[in-house]
Amino acid sequence: MLRKLFPHPWLTLLLTLVWLALANAISLGGIVMGLILGIAIPLGTAAYWPNRPRIRAPLKMAEFILIVLWDIVKSNFIVARIVLFTPRAALRPAWVTVPLDLRQPEAITVLAGTITMTPGTVTADVSADGKALLVHCLHAPDPEGVAAEIKDRYESRLKEIFA
Amino acid sequence: MTDTFMLIMEILVSGLIVMAGIFGLVGSYGLLKLPELMTRLHAPTKATTLGVGGVLIASMIYFLVFMDQFSFHELMITLFLFLTAPISANLIAKAHMLRELQPKDVPPTGAACGWSTYDETADPSRQPGE
């Protein structure tokens with residue numbers, strides 16, 4: 001019963017907090033409205049999201065977020081340098097297949113988003129069985145190395161976070 | 001003391017805004033310069049994150065130091081930006097794959113199924129190329 005009413009309790013909490021942050025004030029009315037949204041939205045979308053993501057190591061998640069933020073800053077400089085100083089003819093764009101060890105859909109989504117936000121790579125597609133990601137690299141003289149770095153830097157950490 | 005502090009903060013805010021402007025400009029220039037859609041996709045998803053981020057951080061510091069108020073809105077904008085940028089990039093890439101590319105143009109999955117954009121097994125009623 002409780003599980004039916006709150007299919008994603010953490011999402012309920014998150015939506016309430018986001019609502020309060022959007023209102024930029026903590027008031028009783030804001031909390032009530034936030035809770036209404038926080039309960040209604042997970043209920044309305046429960047059909048598309050049958051399983052709860054299982055998170056094993058919340059502290060590792062904080063580490064992962066810091067690493068990704070740092071990589072986003074780094075990637076801005078790398079992409080800016082390529083745009084400004086690499087002549088078109090020297091550019092080596094490449095497609096890379098990244099085989100996945102992750103199985104949870106939520107974990108794969110986080111990985112795909114991370115790849116798009118970080119140095120010179122964009123996630124283009126996922127294989128129909130969810131076992132590989134198709135990644136496009138802006139400038140990759142060594143495509144195999146890019147796939148290895150993604151697996152080593154991000155996927156291994158996500159594997160520890162999502163049980 | 002407070003005067004020096006205010007000056008440093010002013011320089012910091014100005015510096016962040018100028019840096020953000022430069023990154024925004026580079027991102028837009030990238031759209032112009034890079035050769036085809038998939039490479040063009042890289043410029044706006046990356047270079048502009050720091051462009052928008054710089055303005056948001058500058059805005060937070062400005063309101064905190066000069067207006068004595070703290071606003072969560074900048075954090076929310078950052079959050080929504082990080083959520084939406086990868087998804088729009090993904091959808092643009094998928095549309096490009098369907099319209100302009102063939103399955104032979106991209107590397108194989110290395111798994112049993114093809115890429116979900118091309119794979120017909122998921123939905124047998126769909127016609128190839130549709």
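**Entry 1: strand pairing**

Two strands count as paired once DSSP finds at least two bridges between them. I need that before anything else, since I'm starting with the strands of chain A. Note to self: this is a predicted model.

I looked up β1 (residues 94–99) of chain A, and it pairs with β3 (residues 132–137) of that chain in the antiparallel sense, over six bridges. A:Val98 stands opposite A:Leu133 of β3(A). Another facing pair there is A:Ala94 opposite A:Cys137.

Next came β2 (residues 121–126) of chain A. Five bridges join β2(A) to β3(A), and the two run antiparallel. Which residue of β3(A) does A:Val126 stand opposite? I found A:Leu133. So A:Leu133 of β3(A) has A:Val98 opposite, and A:Val126 opposite as well.

I also checked the turn between β2(A) and β3(A). This hairpin has five residues between the strands, and A:Gly130 takes a positive phi near 70°.

**Entry 2: how covered are these strands?**

How many of the six residues of β3(A) are buried? Six of six, so I'm writing β3(A) down as mostly covered, with buried meaning under 20% relative accessible area. Both faces are covered. On one side I listed A:Ala132, A:Leu134 and A:His136, and on the other A:Leu133, A:Val135 and A:Cys137.

For β1(A), I got five buried residues of six, so this strand is largely enclosed by the rest of the structure.

**Entry 3: A:Thr121**

I picked one residue of β2(A) to follow up, A:Thr121. Buried or exposed? A:Thr121 is buried: its relative accessible area is 5%, and the cut-off is under 20%. Its side chain reaches the backbone oxygen of A:Ile115 at 2.8 Å.

Then I went through the contacts of A:Thr121, leaving aside neighbours within four places in sequence. Within chain A they are A:Ile115, A:Thr116, A:Val135, A:His136, A:Cys137 and A:Val146. From chain B, I noted B:His42 and B:Lys46.

**Entry 4: helices of chain A**

I tried a length check on α3 (residues 28–45) of chain A. At 1.5 Å a residue its 18 residues should span 26 Å, and the end C-alpha atoms are 26 Å apart, which agrees. Which residues of α3(A) are buried? I found A:Gly30, A:Gly34, A:Gly38 and A:Pro42. They cover an arc of only 80° around the axis, which puts them on the same side of α3(A). A reminder on why such spacing works: an α-helix has 3.6 residues a turn, so residues three or four places apart point the same way.

What do the buried residues of α3(A) pack against? Their partner is α2 (9–23) of chain A. On the face turned away from the buried side, I noted the exposed residues A:Leu28, A:Gly29 and A:Gly44.

I repeated the length check on α4 (residues 58–85) of chain A. Its 28 residues should span 40 Å at 1.5 Å a residue, and the end C-alpha atoms agree, being 40 Å apart. The buried residues of α4(A) include A:Phe64, A:Ile67, A:Val68, A:Asp71 and A:Ile72. Further along I also jotted down A:Ser75, A:Asn76, A:Val79 and A:Val83, among others.

**Entry 5: domains of chain A**

I looked up how chain A is divided: domain 1 is 2–48 and domain 2 is 58–161. Their centres, taken over C-alpha atoms, are 31 Å apart.

**Entry 6: over to chain B**

Chain B has four helices and zero strands, so I have no pairing to look up there. From the N terminus on, its elements run α-α-α-α. Of the 130 residues in chain B, 34% are buried. I also checked contacts between residues at least 6 apart in sequence, and 48% of those join residues at least 24 apart.

**Entry 7: two residues of chain B**

Where is B:Ser71? I found B:Ser71 in the loop between α3 (42–66) and α4 (73–100) of chain B. At 14% relative accessibility B:Ser71 counts as buried. Not counting residues up to four places away in sequence, it touches A:Asn24 and B:Met60. I also compared B:Ser71 with B:Met97: 26 residues apart in sequence, and 41 Å apart in space, C-alpha to C-alpha.

Last stop was B:His96, in helix α4 of chain B. It counts as buried at 11% relative accessibility. Again not counting residues up to four places away, B:His96 touches B:Glu36, B:Leu37, B:Met38 and B:Leu101.

Notes:
Residues are numbered from 1 along each chain as its sequence is written. Chains are lettered from A and ligands numbered from 1 in the order in which they are written. Side-chain values use heavy atoms; hydrogens and water are left out. The expected span of a helix is 1.5 Å times one less than its number of residues. Buried means under 20% relative accessible area, exposed over 50%, partly exposed in between (1.4 Å probe, protein chains only). The arc is that of the directions from the helix axis to the C-beta atoms. Contact means heavy atoms within 4.5 Å. Domain bounds come from an automatic or database domain assignment. A polar contact is a pair of N or O atoms within 3.5 Å; within protein, one must be able to donate a hydrogen and the other to accept it, and residues adjacent in sequence count only if both atoms are side-chain atoms.
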